[in-house]
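Welcome, and thanks for taking a look at this one with me. Here are some notes to help you find your way around.

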Amino acid sequence: FTLYELVEKVSRIWGTCQFVSPGCANAGTKLRVGGSTGFDAIMTGHSHPDGTFGSWGGDTFLMSSSMYSSSQYWYRQISMSSAASVYRGYYSSVYGFSLRCLQD
């Protein structure tokens with residue numbers, strides 16, 4: 001899946017997943033490795049500007065190629081914590097998020 005396809009699949013199955021949305025409950029469980037959707041997200045967490053890492057094993061953050069502003073980009077967060085949901089937001093480009101590469 002591309003990030004766009006992920007958004008479409010999540011929206012189709014669980015409704016609109018904007019930030020924290022009750023319609024996204026348990027979506028993270030279904031999108032992780034071994035989940036029922038075939039997306040197989042690995043919970044890689046993210047890196048901080050100081051070189052430390054956060055959320056490893058509990059979340060994955062997928063960076064979009066779409067910029068929110070000149071220094072912030074859109075992302076999707078697949079979370080295994082709390083409600084195992086999918087969130088959408090924007091974040092500073094100084095943080096490191098995962099990319100999903102697809103072979104053409």
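The points below go from the overall layout to single residues.

1. **What you are looking at.** Please keep in mind that this is a predicted model. The protein has 2 helices and 5 strands. Reading from the N terminus, the order of elements is α-α-β-β-β-β-β, so to speak a helical start followed by strands.

2. **Overall numbers.** Of the 104 residues in the protein, 37% are buried. The accessible surface amounts to about 6000 Å², and carbon and sulfur atoms hold 54% of that area. Among contacts with a separation of 6 or more, 38% are between residues 24 or more positions apart.

3. **The sheet.** A good place to rest your eyes is the open sheet, where 3 strands are arranged in the order E3-E4-E5 with antiparallel pairing. Strand E3 (59-69) and strand E5 (86-92) are the edge strands, each pairing on one side only. On average, neighbouring strands of this sheet are turned by 30° against each other, direction ignored. As background, strands of a sheet pair through backbone hydrogen bonds, in either a parallel or an antiparallel way.

4. **How the strands are joined.** E3 and E4 are antiparallel and share 7 bridges, and a hairpin of 2 residues connects E3 to E4. Within this pair, Thr-60 stands opposite Ile-78 of E4. On the other side, strand E4 (residues 72-79) is joined to E5 by 7 bridges, again antiparallel. There, Arg-76 has Arg-88 in E5 as its bridge partner.

5. **The nonpolar core.** Which residues make up the largest nonpolar core? It has 8 residues: Ala-27, Leu-31, Phe-39, Ala-41, Met-43, Leu-62, Ile-78 and Val-86. In soluble globular proteins, nonpolar side chains tend to be buried together. Met-43 is worth selecting in your viewer: leaving out residues up to four places away in sequence, Met-43 touches Arg-32, Trp-56, Gly-57, Gly-58, Asp-59, Thr-60, Ile-78 and Met-80.

6. **Gln-77.** Is Gln-77 buried or exposed? Gln-77 sits in strand E4 and counts as buried because its relative accessible area is 13%, under the 20% cut-off. Its side chain makes a polar contact of 3.3 Å with the side chain of Asp-59. Beyond residues up to four places away in sequence, Gln-77 touches Asp-59, Thr-60, Phe-61, Ser-85, Val-86 and Tyr-87.

7. **Asn-26.** This residue is in the loop between helix H1 (3-14) and helix H2 (27-31). Asn-26 has a relative accessibility of 42%, so Asn-26 counts as partly exposed. Try finding Ser-79 from here: Asn-26 and Ser-79 are 53 residues apart in sequence, with their C-alpha atoms 8.9 Å apart in space.

8. **Ser-55.** One backbone angle deserves a second look. Ser-55 has a phi near 65°, which is a positive value in a residue other than glycine. Most residues other than glycine have a negative phi. Ser-55 belongs to the loop between strand E2 (53-54) and E3, and at 29% relative accessibility Ser-55 is partly exposed.

Methods:
Residues numbered from 1 in each chain as written. Predicted model: local features only at pLDDT ≥ 70, side-chain atom pairs only at ≥ 80, totals over all residues. Heavy atoms only, no water. Pairing = 2+ DSSP bridges. Helix = DSSP H or I, 4+ residues; strand = E, 2+ residues; numbered from the N terminus. Axes fitted to C-alpha atoms, helices over the stretch in contact; angles between N-to-C directions. Buried < 20%, exposed > 50% of the residue type's maximum accessible area, 1.4 Å probe, protein only. Contact = heavy atoms within 4.5 Å. Areas by Shrake-Rupley, 256 points an atom, 1.4 Å probe, with all protein chains shown as cover. Polar contact = N/O pair within 3.5 Å; in protein donor to acceptor, adjacent residues only side chain to side chain. Core = buried A, V, L, I, M, F, W, Y, C linked by side-chain atoms within 4.5 Å.
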